[in-house]
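Reader: Please take a close look at one part for me, the largest nonpolar core, and set it in the context of the whole chain.

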Amino acid sequence: SGWEKDGVRGAGRIVEATWEMMSDERHVSKEDKKMGEDPKTRPEIVGVLLWVRALRSVLLAKGKDDDGKVKRAAEMLMAVWKDRDCNVESEDWVDANHKLMMWVPVWHGMCMARNVLGENTQLGRSLGTGVTEELEPLVTKAAALVGEHVSGETDRRGRVLFQELSKVGR
């Protein structure tokens, strides 16, 4: 798969520590949370947590969610899913590239989590709906739009991320 287990473990520790810091008022104040600036309520942030937890589950735990962390992250994501912005402006390839960088890890994490949790579970079906009806069209359209504006050997990070994660098992 191209993913080193030690790298996945290290990324997991960093993401989990960052997630915990978001609960600490030294990093996110009560005022910020009241004004809607709580990063734990942003789908693209919760989605990265889901991605890393699902990736750890697949690569380090044989696809099992023994500690329930994938399920908890998936439930958190579905709880804030209404606050997403999955639109790509028709010709704005810079916006499309930004959306790829933001949403491709979430898309990949939802795909992986769906496999870990079971496609036929209620949570698996909810994840599947988000993937097939919203994120799959978004990342496909955005990657094509960015691809139209790539010249020579210069590619854009969002599109490269999409291409790389498309190769990794979902």
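**The nonpolar core**

Author: For 170 residues a compact globule would have a radius of gyration near 15 Å, and the 16 Å of the protein agrees with this, the value being taken over C-alpha atoms and the rule being 2.2 Å times the number of residues to the power 0.38. This is a predicted model, in which local features need pLDDT of at least 70 and side-chain atom pairs count only at pLDDT 80 or more, whereas totals for chains, interfaces and linings use all residues. Residues are numbered from 1 along each chain as its sequence is written, and side-chain values use heavy atoms, without hydrogens or water.

The protein has seven helices and zero strands, where helices are DSSP runs of H or I with at least four residues and strands are runs of E with at least two. Buried residues, meaning those under 20% relative accessible area with a 1.4 Å probe and protein chains only, make up 42% of the 170.

The largest nonpolar core holds 46 residues; such a core is a set of buried Ala, Val, Leu, Ile, Met, Phe, Trp, Tyr and Cys residues joined through side-chain atoms within 4.5 Å. Two or more residues each come from α1 (5-21), α3 (43-60), α4 (69-80), α5 (93-117), α6 (122-147) and α7 (157-167), and α5 gives the largest share, 13 residues. Touching the most other members are Leu50, Leu100, Trp103, Trp107, Met110 and Leu135. Leaving aside residues up to four places away in sequence, Leu135 touches Trp81, Cys86, Trp103, Val106, Trp107, Met110 and Gly130, a contact being heavy atoms within 4.5 Å.

Methods: Buried means under 20% relative accessible area, exposed over 50%, partly exposed in between (1.4 Å probe, protein chains only).
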